[in-house]
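Trainee: I would like to learn how to read strand pairing and helix packing in a model. Could we go through one together?

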Amino acid sequence: MIELVKSPVVFIEDTHTYLYGDKILMGITGMISRQLFPDKYTNIPEFVLKRAAERGSLIHSQCQFADVTGFEPESIEAKNYIEIRNNAGYYPIANEYTVSDLENFATNIDCVWGKDGVDNSVALVDIKTTSKLDEEYLSWQLSINADLFELQNPHLKVSDLYGVWLRGEISKLLPIKRKTAEDVARLLECEITGKKYNENTELVP
């Protein structure tokens, strides 16, 4: 049985804020957008982004409900999600699992999956409902998630990263390559110090 460490960070969903005591921690998605993909949604109208976000939140909640309760989901996206997870041989451990370094950053991981008979490693999963799947964005997002997860759970290793793409009848499980710990540390340090990320930026000793 895999036991996860519960973070003391409190996530305020309405404002998408992470609180550790009286300190507000930085979220990961906004940081990635600022540092790496500042023009990703430049030409998309605000109302379109809002509608897509609402639809994505609904599908996420339906997948979580199916994971937690074991009930048959109603939407085709959630049904496809369960089929993908089962076919890959995983079972759900946690949904919307909060991880943090308890100093600067915090984020919620969509899904933590485990495999029967494997007690020392997990897979981390991010669900996407966008029109296209951005593998490079997912690689950064899940790699940061993985580093924070292992920091919070030193008894566990992240063996696999996956993007699950759900869009109507379309569904796909995509293995995602993990960035190096040095790349992740360099990105996070740039955000902390107010610098623009560059792959050649030297880490502060």
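Trainee: Which residue of β5 does M26 stand opposite?

Mentor: Before we look, remember that this is a predicted model. To read a pairing, pick a residue in one strand and find what faces it in the neighbour. Here M26 stands opposite F105 in β5. That match belongs to the pairing of strand β3 (residues 23-27) with β5, where 2 bridges join strands that run parallel.

Trainee: How many bridges join β4 and β5, and in which sense do the strands pair?

Mentor: Count the bridges, then compare the strand directions. Strand β4 (residues 91-100) pairs with β5 in the antiparallel sense, over 8 bridges. For a place to put your cursor, try Y97, whose bridge partner in β5 is I109.

Trainee: What should I look for in the turn between β4 and β5?

Mentor: Look at the number of linking residues and at the sign of phi. β4 and β5 form a hairpin with 4 residues between them. L102, in the loop between these strands, has a positive phi of about 60° although it is not a glycine. L102 is also partly exposed, with a relative accessible area of 32%.

Trainee: Which residue in strand β4 has a positive phi without being glycine?

Mentor: That would be E96, which lies in strand β4 and has a phi near 50°. E96 is partly exposed too, its relative accessible area being 33%.

Trainee: And how does β5 pair with β6?

Mentor: Use the approach you used for the previous pair. β5 and strand β6 (residues 121-128) are antiparallel and share 3 bridges. V112 stands opposite L124 in β6. These two strands also form a hairpin, with 6 residues between them, and there G117 takes a positive phi near 85°.

Trainee: Is strand β5 largely enclosed or open, and why?

Mentor: For that, ask how many of its residues are buried, meaning under 20% relative accessible area. In β5 (residues 105-114), 10 of the 10 residues are buried, so the strand is largely enclosed by the rest of the structure. For the protein as a whole, buried residues make up 43% of the 205 residues.

Trainee: Now the helices, please. At what angle do α1 and α4 pack?

Mentor: Begin with the two axes: their angle and their separation. Helix α1 (residues 28-35) and helix α4 (residues 135-152) pack at about 135°, with their axes 11 Å apart. The two helices are therefore oblique to each other. The handedness is another thing to read, and α1 passes α4 in a right-handed crossing.

Trainee: Which residues make that contact?

Mentor: List each side separately. On α1 they are I28, T29, M31, I32 and S33, while α4 contributes Y137, W140, Q141, I144 and L148. By character, the residues of this contact divide into 7 nonpolar, 3 polar and no charged.

Trainee: How many helices and strands does the protein have, and in which pattern?

Mentor: Step back and read along the chain. The protein has 5 helices and 8 strands, in the order β-β-β-α-α-α-β-β-β-α-β-β-α. Then ask how far apart in sequence the contacting residues are. Among contacts with a separation of 6 or more, residues 24 or more positions apart account for 63%.

Methods
Residues are numbered from 1 along each chain as its sequence is written. This is a predicted model: local features need pLDDT of at least 70, side-chain atom pairs count only at pLDDT 80 or more; totals for chains, interfaces and linings use all residues. Side-chain values use heavy atoms; hydrogens and water are left out. Axes are lines fitted to C-alpha atoms, for helices over the stretch in contact, and angles run from 0 to 180 degrees between N-to-C directions. Angles under 35 degrees count as roughly parallel, over 145 as roughly antiparallel, 65 to 115 as roughly perpendicular and the rest as oblique. A crossing is left-handed if the near helix is turned anticlockwise from the far one by less than a right angle, and right-handed if clockwise. Contact means heavy atoms within 4.5 Å. Ala, Val, Leu, Ile, Met, Phe, Trp, Tyr, Cys and Pro count as nonpolar, Asp, Glu, Lys and Arg as charged, and the others, Gly among them, as polar. Buried means under 20% relative accessible area, exposed over 50%, partly exposed in between (1.4 Å probe, protein chains only). Two strands pair if DSSP finds at least two bridges between them.
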